[in-house]
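Reader: Hello! Could you walk me through this fold, one question at a time?

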Amino acid sequence: MSQKEQGVNEFVVIKANENGVNVFGLTRGTETKLHHSEKLDKGEVMIAQFTEHTSAVKIRGKATILTKHGQIDSE
């Protein structure tokens with residue numbers, strides 16, 4: 001697998017632990033930009049995928065995040 005392909009098609013699961021959790025998708029490339037956002041209410045789950053266009057996900061609010069590397073709870 002090439003360096004360019006590493007991380008592409010990986011998934012992250014986000015479960016909102018409160019109402020109004022914001023999830024932002026950020027672009028790849030020379031300039032990082034916001035390209036997608038979602039608002040989750042308590043108990044809602046979002047499965048996000050890293051792609052050739054999405055290099056990062058920012059989460060604002062209390063949520064549980066599951067990746068192949070483990071689980072983390074945001075504050």
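Author: Happy to; what follows is a set of questions and answers about this predicted model.

Reader: Let's start with the overall make-up. How many helices and how many strands does the chain have?

Author: Reading along the sequence gives the pattern β-β-β-β-β-β-β. That fits the count for the chain, which is zero helices and seven strands.

Reader: One sheet has four strands. In what order do they stand?

Author: Let's build it up from its pairs. Strand 1 (residues 11-16) and strand 6 (residues 63-67) run antiparallel and are joined by four bridges. Strand 6 also pairs with strand 7 (residues 70-73), again antiparallel and over four bridges. With strand 4 included, the open sheet has the order 4-1-6-7.

Reader: Which strands stand at the edges of that sheet, and why is one side of each left without a neighbour?

Author: In general, strands of a sheet pair through backbone hydrogen bonds. Here the two edge strands each have a single partner strand, so one side of each has no neighbour in the sheet. From one strand to the next, the twist averages 20°. The edge strands are strand 4 (45-49) and strand 7.

Reader: I'd like to check the register. Which residue is the bridge partner of A16 in strand 6?

Author: A nearby pair in the sequence helps you find the place: K15 has T64 as its bridge partner in strand 6. On its other side, T64 stands opposite D73 in strand 7. For A16, the bridge partner in strand 6 is A63.

Reader: How many residues lie between strand 6 and strand 7 in their hairpin?

Author: These strands pair in the antiparallel sense. The loop between them holds K68. Strand 6 and strand 7 form their hairpin with two residues between them.

Reader: Which side chain meets K68 in a salt bridge?

Author: As a general point, side chains of opposite charge can pair when their charged atoms come close. The structure holds one salt bridge, and its N to O distance is 3.4 Å. This pair links distant parts of the chain, 58 residues apart, from the loop between strand 6 and strand 7 to the segment before strand 1. The partner of K68 is E10.

Reader: Is E10 exposed or partly exposed, and what about K68?

Author: The cut-off for exposed is over 50% relative accessible area, with partly exposed lying between that and 20%. K68 has 61% relative accessibility, so K68 counts as exposed. E10 has a relative accessible area of 26%, and therefore E10 is partly exposed.

Reader: Now the other sheet. What is the order of its three strands?

Author: Strand 2 (residues 21-27) is joined to strand 5 by six bridges, and the two run antiparallel. In that pairing, T27 stands opposite T54 in strand 5. The open sheet of three strands has antiparallel pairing and the order 3-2-5. Its edge strands, each pairing on one side only, are strand 3 (34-40) and strand 5 (54-60).

Reader: Which residues form a nonpolar patch on the surface?

Author: Together they have about 320 Å² of accessible area. One of them, V45, has its place in strand 4. The patch is formed by F11, V45 and I47.

Reader: Finally, what share of the 75 residues counts as buried?

Author: For context, the chain's accessible surface comes to about 5400 Å², with 47% belonging to carbon and sulfur atoms. Among contacts between residues at least 6 apart in sequence, 60% join residues at least 24 apart. The buried share of the 75 residues is 24%.

How values were computed. Residues numbered from 1 in each chain as written. Predicted model: local features only at pLDDT ≥ 70, side-chain atom pairs only at ≥ 80, totals over all residues. Heavy atoms only, no water. Pairing = 2+ DSSP bridges. Axes fitted to C-alpha atoms, helices over the stretch in contact; angles between N-to-C directions. Patch = residues over 30% accessible without salt bridge, like charges linked within 9 Å, V, L, I, M, F, W, Y side chains within 5 Å. Areas by Shrake-Rupley, 256 points an atom, 1.4 Å probe, with all protein chains shown as cover. Salt bridge = Lys/Arg side-chain N within 4 Å of Asp/Glu carboxyl O. Buried < 20%, exposed > 50% of the residue type's maximum accessible area, 1.4 Å probe, protein only. Contact = heavy atoms within 4.5 Å.
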